[in-house]
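Ready for some practice in reading a protein structure? Keep the sequence and the 3D view at hand, and work through each exercise before you look at its solution.

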Amino acid sequence: MGGQRAERIDFIDTLRGIAPLLVLWAHIPVWWLAESGRSWPLANFVQKYVMSPLRLYQNGGQLGVVIFFLISGFIISHVAYKETRREFLVKRFFRIWPLMALALATMAVAKCLSITITGLAITGHPVVSSWVYLQNTLLLNWTLPTMPHALSVTWTLFPEVVFYATVCVLLPHLKSRPAATTFAILFVGMAVNLVAWNAGAKQIHSTLLCLPMFAVGRSFYIYWSKQADAPTAICIGASSLAGFAILQVVIYPESAGSLASTYLIAPILFAVCMKSNFRKRAAIKFFSDISYALYLFHMPIGVLTANLVASSGAPLGLAFPAAWISSIVVAWLATKYVGNPLYRAGSRL
């Protein structure tokens with residue numbers, strides 16, 4: 001989710017700007033409404049005329065997540081060609097962990113404030129100890145079945161880290177053998193899931209099931225960078241998508257049908273954006289720049305704001321815009337004053 005910004009790729013910026021907004025909508029208002037037992041006409045309208053006809057899983061939130069994975073498969077392939085293993089690992093650490101740690105700390109404060117002031121919990125997040133927060137910062141909660149999740153959206157960072165580790169191992173061969181290394185990424189993703197499934201490690205395979213989607217994103221990259229012709233890239237991408245489908249049918253057959261539309265729409269949208277020649281707007285660049293922070297901070301900040309405004313008796317038509325605005329402002333501040341400076345400092349190490 002965190003990627004290099006030094007060289008802007010317009011269609012990647014567009015997708016990166018769209019993805020967190022889909023997740024934001026799925027959580028605020030949709031998830032918030034479901035947890036509180038309330039209804040909002042605009043959410044009902046979008047559900048009836050957009051989400052249901054397109055059969056988007058989790059009200060479009062999963063589509064945003066899959067787009068993030070495709071972007072990572074593309075952009076990490078792009079930046080890895082220019083970096084040594086040490087540079088690659090250091091830059092990924094400083095892109096991912098500082099903002100995640102800050103978001104977890106923000107969640108701890110937001111939970112206390114929400115319960116103290118409004119009596120409402122942050123949706124879907126139980127109060128946990130400081131020790132659990134520390135373990136969550138190391139992503140250990142996504143490997144241990146009994147550990148609470150302090151900030152649920154961090155689940156996507158676990159497959160990101162596994163993907164980074166795979167790329168790091170394959171780094172010397174990425175450019176010289178683009179097709180073979182993409183299939184290797186697919187093989188690792190499938191093997192990790194099947195081993196975890198066979199071992200009964202549900203916490204692991206439920207989180208890492210999406211690993212083949214990084215190979216789909218990389219297949220787009222090797223075509224875009226002219227390392228493979230269209231038939232080869234399509235073959236690799238389709239094989240990777242089929243790999244995900246096989247895992248889904250084998251491990252979670254009950255949900256395979258409900259996910260199909262989302263996981264087909266995501267690569268189609270990616271391909272359309274990649275082939276379109278549109279001019280990037282300032283708003284797209286802004287949301288692209290804060291996309292990772294917005295993804296992390298919309299739960300603690302947005303839900304806290306929605307709880308505060310709704311508990312005051314204000315209409316939901318004010319609560320949700322206030323939640324969106326506060327999430328965007330905090331994401332911008334976190335990116336500008338924490339994420340970007342620390343990434344630049346880490347890149348100089």
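## Exercise 1: two helices that cross

Helix α4 (residues 85-118) and helix α5 (residues 130-137) have axes that come within 10 Å and cross at roughly 155°. Helices here are DSSP runs of H or I with at least four residues, numbered from the N terminus. The model is predicted: local features need pLDDT of at least 70, side-chain atom pairs count only at pLDDT 80 or more, and totals for chains, interfaces and linings use all residues. Residues are numbered from 1 along each chain as its sequence is written, and side-chain values use heavy atoms, with hydrogens and water left out.

Task: What is the orientation of α4 and α5 to each other, and which residues make the contact?

Solution.
- Step 1. Axes are lines fitted to C-alpha atoms, for helices over the stretch in contact, and angles run from 0 to 180 degrees between N-to-C directions.
- Step 2. Angles under 35 degrees count as roughly parallel, over 145 as roughly antiparallel, 65 to 115 as roughly perpendicular and the rest as oblique. Therefore α4 and α5 are roughly antiparallel.
- Step 3. From α4, the contact uses W97, M100, A101, L104, M107, A108 and K111, and from α5 it uses Y133, N136 and T137. Contact means heavy atoms within 4.5 Å.
- Step 4. Sorted by class, this contact of α4 with α5 has 7 nonpolar, 2 polar and 1 charged residues. Ala, Val, Leu, Ile, Met, Phe, Trp, Tyr, Cys and Pro count as nonpolar, Asp, Glu, Lys and Arg as charged, and the others, Gly among them, as polar.

## Exercise 2: another helix pair

Task: How do α1 and α11 pack, and which classes of residue does the contact have?

Solution.
- Step 1. Helix α1 (residues 10-36) packs with helix α11 (residues 256-275) at an angle of about 140°, and their axes are 8 Å apart.
- Step 2. That angle makes α1 oblique to α11.
- Step 3. On the α1 side, F11, I12 and L15 make the contact; on the α11 side, L269, F270, C273 and M274 do.
- Step 4. The contact of α1 with α11 has 7 nonpolar, no polar and no charged residues.

## Exercise 3: salt bridges around E83

Task: Which residues form salt bridges with E83, and are they buried or exposed?

Solution.
- Step 1. A salt bridge is a side-chain nitrogen of Lys or Arg within 4 Å of a carboxyl oxygen of Asp or Glu. The structure holds 6 salt bridges.
- Step 2. One partner of E83 is K91, with the closest N and O atoms 3.5 Å apart. Another is R92, at 3.1 Å from N to O.
- Step 3. Buried means under 20% relative accessible area, exposed over 50%, and partly exposed in between (1.4 Å probe, protein chains only).
- Step 4. K91 has a relative accessible area of 16%, so K91 is buried. E83 is buried too, at 9%, and R92 is also buried.

## Exercise 4: a pair within one helix

Task: Where do K285 and D289 lie in helix α12, and what links them?

Solution.
- Step 1. K285 and D289 are 4 residues apart in helix α12 (residues 282-289), which means that about one helical turn separates them.
- Step 2. A salt bridge joins K285 and D289, with their closest N and O atoms 3.1 Å apart.
- Step 3. K285 is partly exposed at 37%, and D289 is partly exposed at 24%.
- Step 4. K285 and D289 also belong to a network of salt bridges with R8, D13 and R16.

Terms used:
Helices (H or I, at least four residues) and strands (E, at least two) are DSSP runs, numbered from the N terminus.
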